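Subject: The structure, and what turned up in it

Hello,

Here is the structure I promised to pass on. Have a look at it first, and then read on for my notes on what was found.

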Amino acid sequence: MLNRTHLSLAIFSAIFSVTPLMAVAEDQAEGFLEGSSLNILNRNFYMNRDFRKGQSSPTGNGYTEVWAHGIIGKYESGFTLGTVGFGIDAFAMLGLKLDTGDSRYGPGGTVNMLPVNSDGEAEDNYSKVGGAVKARLFDTIIKAGDVFPMTPVVHYGDARLLPESFRGVTAVNNSFDGLTIQGGRLHAMSQPQVSTMRDEFATFYAGSVASPWVAYLGGDYSLNDNLSLSLYSSQLKDAWNQHYAGTTFVYPLTDSVSLFGGLNYYKAVDQGKKLLGEFDNDIYSGKVGVQFGAHSVALSHQRNTGDDDFDYLRQSNSIFLDNSIQYSDFNSPKERSWMLRYDLNMAGYGIPGLTFMTRYALGTDADYSDANNIYMRRGADGNPLTDQKRWERNIEAKYVVQTGSLKEMSFLVRQMTTRATDYESDLDEVRLIVEYPLNVL
């Protein structure tokens, strides 16, 4: 308990130490009710994942399919007036099963869209309700309760029917122009397909981990309109220490042509009781591209130099690597990958709101010879898998309504194909997502 208290105090002391003692800015004095907002997002989600090699699945037919509708309501108050302002955030979310048919959905199907009952059937509905109290002191906002952190080391996920959340305390400071400092200590998570708000931590590649908390601290700094830097560190107690460094840049050549790119680097080392075994992983990615008019083309390279999978919190977006895409992360031990991506914005051709994207990634040299017992993958002969390969192709089209009563309503279709050697599945996947946001307040 004493160590946890010291860590929490260290995080928030670091944030408050950069807060200048100044009067509350005029644009912050909006009041509790005057600064309130209420937003409702309707999300209609269809997903089909086809196991091309006919692998065993919970349905026994080689594929998983689900159609569901989510309603996500979020209320955010303003802050009471005074040197210290107080407020609340609250949310209520409902997931509704529309269709799973006979034997098309069940536990272990990997899509994690809906909870299942004891018979392995998708529940007809489920819900999430939560909230947080918050306080603002000058340029620092502290929240305690159910929170949605957004950093490269702890970032809530929103790629399923309902978003993921965490429970704990977070703080964000914006005292200096271009600089954002964030810290937090979280003691529970709620994955997208469950109602409980106090679930234990789980990772993508190792599953549940009996860690009491995760803490993080770091910041983002924009040097100018063209260059930004990020530094973060996190600890999943008794499992890992993760450190992240990243940069992005944009360099205009003409009014219609610019170069862009960036670098991302993670170092992950076992910590404390080593609940996920011993490991010392370094993984990095780099990207360079050119944007010309409505088009952009980018080439990225990624490599894991460690002996184990680079892991992160399950269903989260806590992996800022260029080749972490729709299904594959290309983060296996010793794996190196390349990806080519093309984007098209049809606004340049008179159709604002319509965009297209396609990308192809190839990974090679994955080698589990020296992996620990948690992350080890073996072949049918019982030996560690070596010289593993995979590729993935994504195709996406999206349209966002620009005007009228349906403004900001979006229609998204994604198709994914991935093929691999022994260590991954061969999959075809289709996602259809329609979202309609309503700004009530």
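R431 is buried, with a relative accessible area of 4%, and forms a salt bridge with E429 in which the closest N and O atoms are 2.7 Å apart. E429 is buried as well, at 0% relative accessibility. Please keep in mind that this is a predicted model.

That pair belongs with a longer list, since the structure holds 23 salt bridges in total. Two others caught my eye. D89 pairs with K134, and their closest N and O atoms are 2.8 Å apart. This bridge joins distant parts of the chain, with D89 in strand β3 and K134 in strand β4, 45 residues apart. Both of these partners are buried.

The other is R336 with D365, where the closest N and O atoms are 3.4 Å apart. R336 sits in strand β16 and D365 in strand β17 (residues 354-366), so the bridge ties together parts that are 29 residues apart in sequence. Here R336 is partly exposed, with a relative accessible area of 32%, and D365 is partly exposed too, at 34%. There is also a network of salt bridges that links D309, E335, R377, R390 and E424.

Which charged residue is buried yet has no salt bridge? It is E164, and the nearest side chain of opposite charge, R314, is 8.1 Å away. A salt bridge needs nitrogen and oxygen within 4 Å, so a pair at that distance does not count. E164 lies in the loop between β5 (140-147) and β6 (165-173). Leaving aside its neighbours within four places in sequence, E164 has contacts that include F148, H155, Y156, M189 and R314.

Now for the empty space. The second largest pocket has a volume of about 530 Å³. It is lined by 23 residues, and the closest to its centre are E76, D89, K143, F148 and M150. The elements that give two or more residues to this lining are β2 (63-76), β3 (84-99), β4, β5, β6 and β7 (179-190). Among these, β5 gives the most, with 4 residues. By class, the lining divides into 13 nonpolar, 4 polar and 6 charged residues. D89 therefore appears twice in these notes, in the salt bridge with K134 and close to the centre of this pocket.

As for enclosed space, a search of the whole structure finds 1 cavity of 30 Å³ or more. About 40 Å³ of space lies in the largest cavity. Its lining consists of W240, Q242, A268, F279, N281, D309, F310, D311 and Y375, which divide into 5 nonpolar, 2 polar and 2 charged residues. D309 in this lining is also a member of the salt-bridge network.

A132 is another residue to look up, in strand β4 (residues 125-137). A132 is buried, with a relative accessible area of 8%. A132 and A90 are 42 residues apart in sequence, but 6.4 Å apart in space, C-alpha to C-alpha. Beyond its neighbours within four places in sequence, A132 is in contact with G87, I88, D89, A144, G145 and D146.

Finally, two backbone points. K274, in the loop between β13 (257-270) and β14 (280-292), has a phi near 55°, a positive value in a residue other than glycine. F330 has a positive phi too, near 50°, and lies in the loop between β15 (295-304) and β16 (336-345). K274 is partly exposed, with a relative accessible area of 34%, whereas F330 is buried, at 0%.

Best wishes

How values were computed: Residues are numbered from 1 along each chain as its sequence is written. This is a predicted model: local features need pLDDT of at least 70, side-chain atom pairs count only at pLDDT 80 or more; totals for chains, interfaces and linings use all residues. Side-chain values use heavy atoms; hydrogens and water are left out. Buried means under 20% relative accessible area, exposed over 50%, partly exposed in between (1.4 Å probe, protein chains only). Lys and Arg count as positive and Asp and Glu as negative; His and the chain ends are not counted. Contact means heavy atoms within 4.5 Å. On a 1 Å grid over the protein atoms alone, a cavity is a set of points where a 1.4 Å probe fits but cannot get out, and a pocket is an open set with protein on both sides within 12 Å along at least five of seven lines; lining residues have an atom within 4 Å of a point. Grid points are joined across faces, edges and corners, and a volume is the space filled by probe spheres set on the points. Ala, Val, Leu, Ile, Met, Phe, Trp, Tyr, Cys and Pro count as nonpolar, Asp, Glu, Lys and Arg as charged, and the others, Gly among them, as polar.
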